[in-house]
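Work through the exercises below with the sequence and the coordinates side by side, trying each task before reading its solution.

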Amino acid sequence: IRVIECLKESGLEIKDIQKFFDWVVEGPSSYANRKMLFEKRKVAVLEEIKQLEKTLAMLEFKCWYYTKAMEGGNEDGISAMLPDKLPNDIQALYNKAH
């Protein structure tokens, strides 16, 4: 059941999960196919993580941005810092998001 949940959460479609279990029934002759399936899912999940980290960086940057805009009453001060005069930690978020 954990394998099914893992494959499902990795974005694999039901028909492909069924194919995996067909390979399990085939036995050792399908080890290479099963390993390839997991290798492909691993690459897909790593790419998804990369995209989510970029999205998170943008969200964190925008939270900081609007906090500063509310503190200053406008966006002028922040705009003057863009694109490369932001505080170091915020600059890192900005760069990651763009």
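The exercises that follow concern aromatic rings and their surroundings.

This is a predicted model, in which local features need pLDDT of at least 70 and side-chain atom pairs count only at pLDDT 80 or more, while totals for chains, interfaces and linings use all residues. Residues are numbered from 1 along each chain as its sequence is written, and side-chain values use heavy atoms, with hydrogens and water left out.

**Exercise 1.** Classify the ring pair of Phe61 and Tyr65.

Solution. Rings of Phe, Tyr and Trp (its six-membered ring) pair if their centres lie within 6.5 Å, and planes under 30 degrees apart count as stacked, over 60 as edge-to-face and the rest as tilted. The structure holds six aromatic pairs. For Phe61 and Tyr65 the centres are 5.9 Å apart and the planes stand at 55 degrees, so this pair is tilted.

**Exercise 2.** Decide whether Phe61, Tyr65 and Tyr66 are buried or exposed.

Solution. Buried means under 20% relative accessible area, exposed over 50% and partly exposed in between (1.4 Å probe, protein chains only). Phe61, at 2%, is buried, and Tyr65, at 6%, is buried as well. Tyr65 also forms an edge-to-face pair with Tyr66, at 4.9 Å centre to centre and 70 degrees between the planes. Tyr66 has 43% relative accessibility and therefore counts as partly exposed.

**Exercise 3.** Name the members of the aromatic cluster that includes Tyr65.

Solution. Phe61, Trp64, Tyr65, Tyr66 and Tyr94 form one aromatic cluster.
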